[in-house]
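I am opening a notebook page on this structure. My topics are cores, strands and cysteines.

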Amino acid sequence: MWKSIGELSCDDYVKAGLTLEDAKEFEKLVSDVISKATETDPRDQWKALVDESVLKPWHPHPLHQLLYYSVYSNRDSSVHGPPLYWFPSPSQSKSTNLGKLMETHGSRLLGASYKNPLESFELFRSFSVEHPEVYWSLVLDELSVVYHTPPRCILDKSKPEGTWLPDAVLNIAECCLMPSSHPKKDDHSVAVVWRNEGFDDSPVNRMTIKELREQVMLVANAISGSFAKGDTIAIDMPMTVEAVIIYLAIILAGCIVVSIADSFAAKEIATRLKISKAKGIFTQDYILRGGRRFPLYSRVVEAAPSKVIVLPSSGTELCVQLREQDIPWMDFLSNGLSGDNYYRPSYLPVDSVINILFSSGTTGEPKAIPWTQLSPIRSACDGWAHVDVKVGNIYCWPTNLGWVMGPNLIFSCFLTGATLALYNGSPLGRGFGKFVQDAGVTVLGTVPSLVKTWKRINCMEGLNWTKIKYFATTGEASNVDDVLWLSSKAYYKPVIEVCGGTELASSYLIGSPLQPQAFGAFSTPSMTTRIIIFDENGVPYPDDQPCTGEVGLFPQHLGASDRLLNADHNEVYFKGMPMYKETRLRRHGDIVKRTVGGYYNVQGRADDTMNLGGIKTSSIEIERVCDQADECISETAAVSLTPPNGGPELLVIFAVLKEGFKKQSEEELKMKFSRTIQKDLNPLFKVSFVKIVPEFPRTASNKLLRRVLRDQMKQELLSLRSRI
């Protein structure tokens, strides 16, 4: 139990890591700042402490914990809503992208109701929901979206999901590469900064828009000599500057990118190549991480693609022997050197497919989700509005082109005029953190498991991250204490929580720089997005009522999928969903809690799909693998649950053992299950608990009741926690 802020003494600060002399000064400083707070409301007290920079990034984390939890020690979140840690100022709000837009157009659109960006945010967001065509017409003018043929309107409402930018023709890669007056970017603007692992003391590499455009055109020329317009071409490599160039070049040439994560086993690569009918694939010989070489080309070859273009992981020489039909990178590039090196883009209708991404399930047939040219536009618009990505920003997010954040990051940078920051190496260590410092990163994206590792091993100690204006995090639920640690590294800048999906091209729940933020919570649905939370009978809760239920989305969502390559889109996203005001809601599958004060928490999946480290998979696929992990296994049941104090979901395997076999301990089975899952499914998955039980609870029709097992494990964890 934490003391209240008024009860803290010098001894408490010493225990939190300060010297006695520093603790005495700190005690006086805290007392002075708290006494000046105009209200006794803990939000005002915390705001005063942050505004006065009482807590420094280099202070020990226990000190940050002590003040935050003590300030809010007597606050009942069920009555007052979640504790808030960041508060936008009026002057700051007017300098944000969305704030400027509201100041320019707010009075015209909202009339006398408009006051300022902070007080009128909710009203303006509601306006964007009711009149999305007006909102998008304004925001599209803020991005580098240039049409070869302009749309006849913003939104054609002749069908429920609408038709966005009908008749528009463009090439979204060209939009990324060309100079523009608004947003202001010219040929000399820095487009990309990067550093390779192992060169942590070397200057950061830089590439201008002109240099990037020339490289992309060179590769597009080479692609046009080896492939036909409309061909699907895969990329399976780390997110290096070369990968970004290849990605944009494929689109510029009128082909379709097939995004494959570089962590997949050969079987999963083969599945994605088969579904997409890829005509070729770009990859590397090895992945270099932590001073070690991990084979990549050999995994790709095992998947049996027809043609592979292979890049060297270091230098210019390949470290592998290629198949006869495969092409070294330098030889491939030589095909693009003919002519004047200028490549005229292939212009395509706005609803043409440019990228095939896959649902993050890792076995069987993952859903193949086509991105049209609308999807990058949505990605960039949400980054512009909710993370304030703009000219002058340096935006870094350790990710991969195989996950939604890879393409999202590219377009969020190049369509807003921001600089893309890439670290070619492991983001788990100090080398990545030093790159963030040296590159002057201003927007840093993460996933919670990454933050947890940084905090646990204390690898960022002594680095200066104070240029960061916004953090962002997605993929899984955040642990409050972990994001407290993260935010403290930049004098408590906001951590924008993001929840969305590949099929949405962006988010549906997110934070906003125009609203106070709470750790581990979403403050708003994204702009133009309307969500409905409904109970188990499909009855919607009132929009202003705290509640918990499954979420449904209104189908008019610019950039969202309208087809799947290998599944029935209507069945996956609409069949069985409730109607709301004569509109069939779109399924997303999350259970969402709306708190007092209008904040949101995602409580898990509505079905047995689980989210492990930001990767969605199913209980059935986990069980299929675990059933084969040892001959003593009769059957298994896989469930995931959120820890009592929040954070990423934990994987729990329940096991029933066969009679007559040597009995295994739960710890032995945990090791066997983990090895099997990491080998056959995904190396990122981790088993947290194993529970041996005599039998599983079932329905009268013999269906396994995973919900009952999940509830049993929750109770065990709560009981264990209470005894600690």
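I looked up the largest nonpolar core (buried Ala, Val, Leu, Ile, Met, Phe, Trp, Tyr and Cys residues joined through side-chain atoms within 4.5 Å). It has 123 residues, and Leu 98, Ile 223, Leu 248, Phe 282 and Phe 414 touch the most other members. Helix H12 (residues 241-252) gives the most to this core, 11 residues. Helices (H or I, at least four residues) and strands (E, at least two) are DSSP runs, numbered from the N terminus. I noted a second, separate core of 58 residues, which includes Ala 16 and Val 441.

This is a predicted model: local features need pLDDT of at least 70, side-chain atom pairs count only at pLDDT 80 or more, and totals for chains, interfaces and linings use all residues. Residues are numbered from 1 along each chain as its sequence is written, and side-chain values use heavy atoms, with hydrogens and water left out.

Next I checked strand S17 (residues 368-372). Five of its five residues are buried (under 20% relative accessible area; exposed is over 50%, partly exposed in between; 1.4 Å probe, protein chains only). Ala 368, Pro 370 and Thr 372 point one way, Ile 369 and Trp 371 the other. Strand S16 (residues 353-358) runs antiparallel to S17, joined by five bridges. Phe 358 stands opposite Ala 368.

Last, I searched the whole structure for disulfides (cysteine sulfur pairs within 2.5 Å) and found zero. Why is Cys 175 not bonded to Cys 176? The two sulfurs are 6.8 Å apart, too far for a bond. Cys 255 is in no disulfide either; its nearest cysteine sulfur, in Cys 176, is 17 Å away.

Terms used:
Two strands pair if DSSP finds at least two bridges between them.
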